[in-house]
Amino acid sequence: MSEEQAAGIVNWNDVFPLLLTRALLPQLRSVAQRGPVLVEFVGSLTRRGATPTLAIYAATKAFLHVLARALDNEERLWGVPSGVRVAYLDVGPVNSAANRLAPSLTTPSSPAFAKALVDKIGCGKRSYAPYYMHALIGAMGDVLPESWVEGWHIRLTKNVYAAADKAV
């Protein structure tokens, strides 16, 4: 990956949402006077592990996770909470036009993921996985030994590359 590509990933995944949120917060706080406002950052389960070949992407998602929690805390810091809440979505693989993985138990179709997301919006958690299998994968990653989880990431990456080589 070139330096330009790496910077592009950081700019798209971190700098853009940071600056956009910063610019919109005054208006969001104003709207929150009339009712609650929820800002949700789209994250990734990759932030939890050290997936080979995805280090920069995973790091950008870890940044978003911390940003969401810190912004949510800041909105409640000074006196009366502003009414703006900030959450982080822990998302795993989803079948889509851009991600052509076959739908499976761990890879929902876009409509199935969308339904799960709509059902969970406003659940009150600051960090959550809308799709149940993504939540289970994240929870398993939190309790299993790090060496097992990282070994799984390495095997999965090798399998993805092997499948891509066969498809060529």
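Where in the chain does G43 lie? G43 sits in the loop that runs between β1 and α2, and that loop is a handy place to begin a tour of this predicted model. The chain has 168 residues, of which 32% count as buried, and five helices and three strands make up its regular elements. Below is a friendly walk through the fold, helix α2, the β1–α2 loop, helix α3, the aromatic pairs and the largest pocket.

**Overall fold**

- Read from the N terminus, the elements follow the order α-β-α-β-α-β-α-α.
- The C-alpha trace spans about 55 × 35 × 35 Å along its principal axes.
- Among contacts in the chain with a separation of 6 or more, 64% are between residues 24 or more positions apart.
- At the start of the chain, S2 belongs to the segment before α1, and its relative accessible area of 33% makes S2 partly exposed.
- From S2 to N13 is a step of 11 residues along the chain, and their C-alpha atoms are separated by 17 Å.

**Helix α2**

- Helix α2 covers residues 55–74, which is 20 residues.
- How well does the length of α2 agree with the span expected at 1.5 Å a residue? The expected span is 28 Å and the end C-alpha atoms are 28 Å apart, so the two agree.
- The buried residues of α2 are A58, T60, K61, L64, H65, L67, A68, L71 and D72.
- The cover over those buried residues includes helix α1 (3–31) together with the strands β1 (37–42), β2 (84–89) and β3 (127–128).

**The loop between β1 and α2**

- Is G43 buried or exposed? G43 has a relative accessible area of 4%, so it counts as buried.
- Setting aside neighbours within four places in sequence, G43 is in contact with K61, Y88, L89 and V91.
- One of these partners, K61, is itself a buried residue of α2.
- G43 and C123 are 80 residues apart in sequence, yet their C-alpha atoms are 17 Å apart in space.
- T53 is found in the loop between β1 and α2 as well, but T53 counts as exposed because its relative accessibility is 53%, above the 50% cut-off.
- The phi of T53 is near 75°, a positive value in a residue other than glycine.
- As background, most residues other than glycine have a negative phi.

**Helix α3 and its surroundings**

- L117 has its place in helix α3.
- Beyond its neighbours within four places in sequence, L117 is in contact with E40, L89, Y128 and P130.
- L89 is also among the contacts of G43.
- L117 and A129 are 12 residues apart along the chain, and 8.4 Å separates their C-alpha atoms.

**Aromatic pairs**

- How many aromatic pairs does a search of the whole structure find? The search finds two.
- One is the pair of W12 and F16, which is stacked, with 5.7 Å from centre to centre and 5° between the planes.
- Both W12 and F16 lie in helix α1, where they are four residues apart, about one turn of the helix.
- W12 is exposed, with a relative accessible area of 62%, whereas F16 counts as partly exposed at 47%.
- Y131 and Y132 have ring centres 5.0 Å apart and planes at 50°, so this pair is tilted.
- Y131 counts as buried, since its relative accessibility is 9%, under the 20% cut-off.

**The largest pocket**

- The largest pocket has a volume of about 1,400 Å³.
- Of the 45 residues in its lining, T46, L54, G92, P93 and L156 are the closest to the centre of the pocket.
- Which elements give two or more residues to this lining? They are α2, α3 (110–120), α4 (132–143) and α5 (146–167).
- Helix α5 gives the most to the lining of the largest pocket, with 10 residues.
- By residue class, the lining divides into 26 nonpolar, 15 polar and four charged residues.

Definitions and conventions: Residues are numbered from 1 along each chain as its sequence is written. This is a predicted model: local features need pLDDT of at least 70, side-chain atom pairs count only at pLDDT 80 or more; totals for chains, interfaces and linings use all residues. Side-chain values use heavy atoms; hydrogens and water are left out. The expected span of a helix is 1.5 Å times one less than its number of residues. Buried means under 20% relative accessible area, exposed over 50%, partly exposed in between (1.4 Å probe, protein chains only). Contact means heavy atoms within 4.5 Å. Rings of Phe, Tyr and Trp (its six-membered ring) pair if their centres lie within 6.5 Å; planes under 30 degrees apart count as stacked, over 60 as edge-to-face and the rest as tilted. On a 1 Å grid over the protein atoms alone, a cavity is a set of points where a 1.4 Å probe fits but cannot get out, and a pocket is an open set with protein on both sides within 12 Å along at least five of seven lines; lining residues have an atom within 4 Å of a point. Grid points are joined across faces, edges and corners, and a volume is the space filled by probe spheres set on the points. Ala, Val, Leu, Ile, Met, Phe, Trp, Tyr, Cys and Pro count as nonpolar, Asp, Glu, Lys and Arg as charged, and the others, Gly among them, as polar.
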